[in-house]
Amino acid sequence: MIAQRMPLAASHYEDELAQLGNSYAVACAADIDALKLAIASASECSMIGVGSGGSFTVAALLCSLHEAYTGRVSRPSTPLEIICSPALASSSPVFLVSAEGKNPDIVEALERARRFSSRTIHVLTNRYNSPLMEHVRTLPGVRAYVFELGKKDGYLATNSLLLDAVLVARAYGELDGLLEPIPANIEALRVGDQSVEEWLAAAQPFIAEAVQRGALTIVYSPLLRPIAIDLESKLSEGALLHTQLADLRSYAHGRHLWLAQRPQDCAVLALVEPSLGALWEGMRSKFPPDIPTLSLSLCGADPVQLITGLVAQMHLVAAVGRRLSMDPGRPNVPTYGREIHYANLHDVIPLPQAIAPSEEQSKYEVLGAHWPSLRSHGTVSRAAKAFSESILAQRFRAIVFDYDGTLCSSQSKDGPPPSDVIDHLVRLARAGVVVGIASGRGGSIQTCLQDVLPGDVLPRIRLGLYNGGWIAGADNVPKASLETSEFLSHVTRIVARLKSMGVPILSHRATPPYQVSVRFREGIATDAMWFVIADALRQAGLDLSTMVRSKHSVDILAQNVSKSALVANIIQQDKVDPYQILTMGDQGAWPGNDAALLEHRFSLSVDMPSRRLDRGWKLAPAEKRDVDATLWYLARLRIDDGAFRIDLSDRGESRRDP
């Protein structure tokens, strides 16, 4: 028995559809500023959207809109695609979508995407408490956008799908400048000149024919692919109709033979918008007359029309279910179905073999030695081995850290390091190790550290603020200098002019005689904006060699200002041999603002290594980045009598070990 019989009363699925208006309203009222920033940050890149079932529809919608608005080819993927080919996540922003965050596929996809990607991983979900969110909280570089769904969704995830789809549609519409990208209520959605209810009523004879034949062919405009994907998913997952899916031209390349050889199995639904309306009508006019056809003709492929199509096909599924006396929202799921759904993918799908050790791979990446470049594995392998042996054999008396992206997460707002980092700093300082912190920030760091460090430790921490321009103990409050700098004043005027022209500069601050710091709107990549600022300075005849960038700002430094000044200060003031100082930072390749710091002979990267082969390596595991990599290193410092060594004897640890 394959059909679930039910009384004439409304099905569970139809009850879910009755809640769509409320879910739609919630999505229209939600604060999506953070989601918009995430999408804006990916505007210069292709995107990977990841999801299963209804969440795959949202991933497809996200990618379709991204292509439409940015012109960047984007790819909706299933979690299994990311699990088997995590390199897909290596160079494109990844957006994982999961309504409840419970399925093991999306959790494993998150783990592998984080391991292989150097970019932020984004998660769109509808539950704060879920296995997925538990993993989000333990992984670095993952941002979650949680929009709670008040009522638990059903088997086919209709309300969570609509909620997330409207959020995504709103985000792209508003980023494009539309203050009200979709109507305020669901009743205003129109299929051509009809309401959804009117279109559905007119479709009843076609639905009866399709149900009788047991199969449906869906042909669609590529611009409406997310609608087609969701309709096929619901009809298949509800075991309602056998479904064939093809765009209008793929269908013309041989799939039409079903009409000639198995006409009794064919009913054709076309999802079209104005650009392909004539193509569809020409095709339909040539079909055998006994083949039932129906058009879902939308007025376009903008966010409003895509949401309209999703809502319309959800109601179509309900009508098919009622004809079959089946409830698409509450099927009898067999035991084996649950067992295969909850398979432990981590245990049964091995990680892809790395083409090189992670420390070598990171060097190749920063050197631009991408495929199909021939890589000199011998040269790099020997350099990696030599560096590892030398740093493991060295005894250190001092350590100098970068701040943002190393001791605390890279952020546009000021904040202290996490408590476990503070514990390590206290341990080092109290053991007599000289501890330095170099940062492009100013007095805000001193304030943050003053709030979290014990009173006896604060004076033992050496600060090199304003990129090493101001050096003192952490118990000293930086004071404004009375010095001026014509160079920095000229830079400030240029930056102000760029901002007035529309360059997305959030703020700029001159701190003479040290630097001018330029921050951009949240989500704007500084690697691209560095060139905009640099070109403007070049046109003015200014020196570009002092320009550096972090993940959140571009800093233009005065001559002789450098984070390496803090290293020099420790050498001179504390009489420490240069080879007994270890430096650590996240942006080790110029124009990264830790390039000078990682030019030191013994230096470690927590993210982007130096381009030099004799220093600035990232020895932490590939999946450890930023603060997580720092903690990984700190846990392996063996302190003894005011000095320490590095012990990496457990580098073969499992990826899920702390």
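How many bridges join strand β8 to β10, and do the two run parallel or antiparallel? In this predicted model, β8 (residues 215–220) and β10 are joined by four bridges and run parallel. One contact in this pairing is that of Val219, whose bridge partner in β10 is Ala270.

Strand β10 covers residues 268–272. It also pairs with strand β11 (residues 293–297), again in the parallel sense, over five bridges. Ala270 takes part here too, with Ser295 as its bridge partner in β11. Five of the five residues of β10 are buried, and the strand is mostly covered. Val268, Ala270 and Val272 point one way from β10, while Leu269 and Leu271 point the other way, and all are buried.

Helix α11 comprises the 13 residues 225–237. At 1.5 Å a residue, a helix of this length should span 18 Å, and the end C-alpha atoms of α11 are 18 Å apart, which agrees. The buried residues of α11 are Pro226, Ile227, Ala228, Ile229, Asp230, Leu231, Ser233, Lys234 and Leu235. The list includes the charged residues Asp230 and Lys234. Just after the helix, Ala239 takes a positive phi of about 55 degrees.

Helix α11 also takes part in the lining of a pocket. The pocket in question is the second largest, with a volume of about 1,500 Å³. Its lining consists of 46 residues, of which Tyr155, Leu156, Glu237, Val333 and His341 are the closest to the centre. The elements that give two or more residues to this lining are α4 (54–70), β3 (94–98), α6 (104–116), α11 and α16 (335–341). Among the contributors, α16 gives the most, with five residues. By residue class, the lining divides into 19 nonpolar, 18 polar and nine charged residues.

Further along the chain is a separate topic, an open sheet of four strands in the order β16-β17-β19-β18, with antiparallel pairing. The edges are taken by β16 (505–511) and β18 (547–549); each has a single partner strand, so one side of each is left without a neighbour in the sheet. From one strand to the next, the twist averages 15 degrees. The partner of β16 is β17 (residues 515–520), and the two pair in the antiparallel sense over six bridges. Within that pairing, Ser507 has Arg519 of β17 as its bridge partner.

Technical notes. Residues numbered from 1 in each chain as written. Predicted model: local features only at pLDDT ≥ 70, side-chain atom pairs only at ≥ 80, totals over all residues. Heavy atoms only, no water. Expected span 1.5 Å × (residues − 1). Buried < 20%, exposed > 50% of the residue type's maximum accessible area, 1.4 Å probe, protein only. 1 Å grid on protein atoms, 1.4 Å probe; cavity = no way out; pocket = protein on both sides within 12 Å on 5 of 7 lines; lining within 4 Å. Points joined across faces, edges and corners; volume = space filled by probe spheres on them. Pairing = 2+ DSSP bridges. Axes fitted to C-alpha atoms, helices over the stretch in contact; angles between N-to-C directions.
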